[in-house]
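Trainee: Please take one part of this model and look at it closely: the interior. I would like the packing first, and then the empty space.

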Amino acid sequence: SLPMSSSVDLNHLVFALSNTLDLVGVDDLHHSKRVAYMVREMAKAKNLSIDTQDHYMQAALLHDCGVSSSLAHEELLSNFDWQFSDDHCTRGFNLLMQSEQLKKFAFCVLFHHTHWKDLIYLEMQESCKILTNTIFLCDRVDALMQNYLKDETEKYYLTAQSYVYDKLESLKGDFFSPELVDTFIKMSKLESFWFGFREDILQRYYQKILKKQNPLPIGVHHLHEIALLFANFVDAKSHFTASHSINVAKVAHALALKMGLSEEVAQKLEIAGLLHDIGKLIIPDEILDKPSSLYTKRNMLLVKEIML
């Protein structure tokens, strides 16, 4: 039970939100973590401060918060320069601007698919442009590596190096900052960098960072604000259930007070209502939006496979 006077660590909340966002991948649950791993390692290679490295990492963990469709997630990873990529950038920006704690990442998310040749002319701080383009570069590296990530016989992904380098070199000055391309190539010459894509190593990487980070406590008001962000993300998954989580939360709060429960308990139930449908994110669009009965043998087998 969470006392209303207690606080929650924002670092852990951002990581939890990233876990939620990655559920949309259905059969690829680590895209944002791989991107954030690369982004943080680039910040480290540039000798940026630990606080700045963490800022880079958190921005990257949230970069795809506008993607709620499993189909859109698949398109973004299977197409290097998808023509509809700006749609999820705008949705992500609008979501993050609703959070006092997370809106500092909003402009990075809005422009994280903007080509460098266009980004340099925008009225943004130079540091924000660099972070934004770093996320774009690492996001597209992960897209380039999809075939290697799926092939169990090439688990360590070392054979992807030359393919990735050639693609990045060809896009210098157009898609990506030449300096950032050089930084990535120099940093990733070490074989240990590529081992970092393994799921078990990736998990340990973040566990170590979360233990070292200075706590960023936030109160219940901001916890509710971020829970609302979760709810908006979940409700965007299907147009049939738009605002469902928010309505459930309001009803839970009202019923709690009607039953004579305290405001503290009512607020806890409201937060629980906002979060109750998170599991919906891992269900493919074809099932959630199916106009006819869901109870077919194929769908039940698919759901069973997902749950396993």
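Mentor: Start with the term buried: it means under 20% relative accessible area, with exposed over 50% and partly exposed in between (1.4 Å probe, protein chains only). The model is predicted, so local features need pLDDT of at least 70 and side-chain atom pairs count only at pLDDT 80 or more, while totals for chains, interfaces and linings use all residues. Numbering runs from 1 along each chain as its sequence is written, and side-chain values use heavy atoms, with hydrogens and water left out.

Take Ala59. This residue sits in helix α3; helices (H or I, at least four residues) and strands (E, at least two) are DSSP runs, numbered from the N terminus. Ala59 counts as buried because its relative accessibility is 1%. Its contacts (heavy atoms within 4.5 Å) are Phe105, Leu131 and Ile135, not counting residues up to four places away in sequence. Leu131 is 72 residues from Ala59 in sequence. In space, their C-alpha atoms are 8.4 Å apart.

Now the whole chain. It has 308 residues, and 51% of them count as buried. The secondary structure comes to 18 helices and two strands. Among contacts between residues at least 6 apart in sequence, 69% join residues at least 24 apart. The chain exposes about 15300 Å², and carbon and sulfur atoms supply 57% of that area (Shrake-Rupley method, 1.4 Å probe; for residues, only the protein chains shown count as cover).

Next, the core. A nonpolar core is a set of buried Ala, Val, Leu, Ile, Met, Phe, Trp, Tyr and Cys residues joined through side-chain atoms within 4.5 Å. The largest one here has 85 residues. Those with the most contacts inside it are Leu96, Leu102, Leu137, Val164, Phe176, Phe184 and Tyr206. Follow Leu96. Beyond its neighbours within four places in sequence, Leu96 is in contact with Leu62, Cys65, Leu102, Lys103, Phe105, Ala106, Val109 and Leu229.

Phe184 leads to helix α11, residues 178-187. The buried residues of α11 are Leu180, Val181, Thr183, Phe184, Ile185 and Met187. They pack against α2, α8 (126-144), α10 (161-170) and α12 (191-195). An α-helix has 3.6 residues a turn, so residues three or four places apart point the same way.

Two loop residues make a useful contrast. Thr114 lies between α6 (106-110) and α7 (116-119). Thr114 counts as buried because its relative accessibility is 17%. Neighbours within four places aside, Thr114 is in contact with Leu119, Asn133, Phe136 and Phe175. Asn47 lies in the loop between α2 and α3. Asn47 counts as exposed because its relative accessibility is 70%. Its phi is near 60 degrees, a positive value in a residue other than glycine. Most residues other than glycine have a negative phi.

Now the empty space. A cavity is a set of points, on a 1 Å grid over the protein atoms alone, where a 1.4 Å probe fits but cannot get out; a pocket is an open set with protein on both sides within 12 Å along at least five of seven lines; lining residues have an atom within 4 Å of a point. Points are joined across faces, edges and corners, and a volume is the space filled by probe spheres set on the points.

Two cavities reach 30 Å³ or more. The largest holds about 60 Å³. Its lining is Leu21, Asp22, His31, Ser32, Asp64, Val67 and His73. α1 (10-22) and α2 (31-45) each give two or more residues to that lining. By type, the lining has two nonpolar, three polar and two charged residues (nonpolar: Ala, Val, Leu, Ile, Met, Phe, Trp, Tyr, Cys and Pro; charged: Asp, Glu, Lys and Arg; polar: the others, Gly among them).

The second largest cavity holds about 40 Å³. Leu17, Leu21, Cys65, Leu95, Leu96, Leu229 and Phe233 line it. The elements that give two or more residues to this lining are α1, α5 (85-96) and α14 (220-235). Its residues are seven nonpolar, no polar and no charged. Leu96 is thus on this lining as well as among the core residues with the most contacts.
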